[in-house]
Amino acid sequence: MARWTGEKDISPAVVNGGGVLRYVDPIVDAACRWEGALWRRHERAQGMGEPIFEALHPVRQRQAMWEQLCQVCDDPTLAEAARHGGALYLAGASDNSGTVLPIQEGERTENPPVHIACAWEAVRHCRYLLEGYTAARVARPVQWGIGGILHVPVGGKLVAAPDRIEVAYRSQKLPWMLAERAVVELMEVTPVDLAAEAERAGLLTTGGRR
């Protein structure tokens, strides 16, 4: 899902297309629409250059969210979710991540699910998760909306908001968004002990429990 340095942003200029944000190139505009939103366009050259882990590729992230693909290995998580009562979601839990709370019922996220084996590797090696993490099984992840940049028509021009926001698919702001991430709402959440799940899956080695 991470964007690579070889995958440049090639989004055309945007215009007010009769009350809807549009690309000036109508062919690209039609190709970059999903669920009523216009999506930012990046080259697709996965593996070219160096990965930028904090900058996800919009199309790969969206695909992972909608198809429930593992954020680490890109393979489907549905079979594992069915065996264990829900998809596994993982989040940072530290002062630096902005929260120390467990994953909450109704919480929204831009992070796809993860396999237990991939999650266990991540918490042992990812610098962001080494500071602390929380995990939960989610029986019903609901496609909620998008994260991106809101554009506002002002005096015949389009003004891009300085900060990213999240809006629901039913929002009146959706036609004015340049989407960068799909967002799901986590329903029927059960917090889990990731180490215990890893132990049951036979993933722990001596001294490997956190």
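Reader: Glu80 and Arg137: buried or exposed?
Author: Both Glu80 and Arg137 are buried in this predicted model. They form a salt bridge, with the closest N and O atoms 3.9 Å apart. That pair links distant parts of the chain: Glu80 sits in helix α3 and Arg137 in strand β9, 57 residues apart.

Reader: How many salt bridges in the whole structure?
Author: A search finds 11.

Reader: Which residues are linked in a network?
Author: Asp9, Arg40, Glu110, Arg164 and Glu180.

Reader: Take Glu180. What does it pair with?
Author: Arg40 is one of its partners, with the closest N and O atoms 3.0 Å apart. Arg40 lies in the loop between β5 and β6, and Glu180 in strand β12, so this salt bridge ties together parts that are 140 residues apart in sequence. Arg164 also forms a salt bridge with Glu180, at 2.7 Å between the closest N and O atoms. Arg164 is in the loop between β10 and β11, 16 residues from Glu180.

Reader: Why does Glu180 count as buried?
Author: Because its relative accessibility is 12%, and buried means under 20%. Arg40 counts as buried too, at 19%. Arg164 is partly exposed, at 39%.

Reader: Switching to pockets. Which residues line the second largest one?
Author: Arg40 is in the lining, along with Ala31, Cys32, Trp39, Arg41, His42, Arg44, His57, Val59 and Arg62. By type, the lining divides into four nonpolar, two polar and four charged residues. The space in this pocket is about 150 Å³.

Reader: Arg62 is in a helix, right? Which residues of that helix are buried?
Author: Arg62 is in helix α2, residues 58–67. The buried ones there are Pro58, Arg60, Gln61, Arg62, Ala64 and Met65.

Reader: What follows α2?
Author: Gln68, with a positive phi near 55 degrees. Most residues other than glycine have a negative phi.

Reader: Where else is phi positive in a residue other than glycine?
Author: Glu35 is one case, near 50 degrees. Glu35 is in the loop between β4 and β5, and is partly exposed at 43% relative accessibility. Asp74 is another, near 75 degrees. Asp74 sits in the loop between α2 and α3 and is partly exposed, with a relative accessible area of 33%.

Reader: Last one, the surface. Which residues make the nonpolar patch of about 220 Å²?
Author: Val152, Val154 and Val159. Val154 lies in strand β9, residues 133–154. At 46% relative accessibility, Val154 counts as partly exposed.

Note on methods
Residues are numbered from 1 along each chain as its sequence is written. This is a predicted model: local features need pLDDT of at least 70, side-chain atom pairs count only at pLDDT 80 or more; totals for chains, interfaces and linings use all residues. Side-chain values use heavy atoms; hydrogens and water are left out. Patches are made of residues with over 30% relative accessible area and no salt bridge: like charges are joined within 9 Å, nonpolar side chains (Val, Leu, Ile, Met, Phe, Trp, Tyr) within 5 Å. Accessible areas come from the Shrake-Rupley method with a 1.4 Å probe; for residues, only the protein chains shown count as cover. A salt bridge is a side-chain nitrogen of Lys or Arg within 4 Å of a carboxyl oxygen of Asp or Glu. Helices (H or I, at least four residues) and strands (E, at least two) are DSSP runs, numbered from the N terminus. Buried means under 20% relative accessible area, exposed over 50%, partly exposed in between (1.4 Å probe, protein chains only). On a 1 Å grid over the protein atoms alone, a cavity is a set of points where a 1.4 Å probe fits but cannot get out, and a pocket is an open set with protein on both sides within 12 Å along at least five of seven lines; lining residues have an atom within 4 Å of a point. Grid points are joined across faces, edges and corners, and a volume is the space filled by probe spheres set on the points. Ala, Val, Leu, Ile, Met, Phe, Trp, Tyr, Cys and Pro count as nonpolar, Asp, Glu, Lys and Arg as charged, and the others, Gly among them, as polar.
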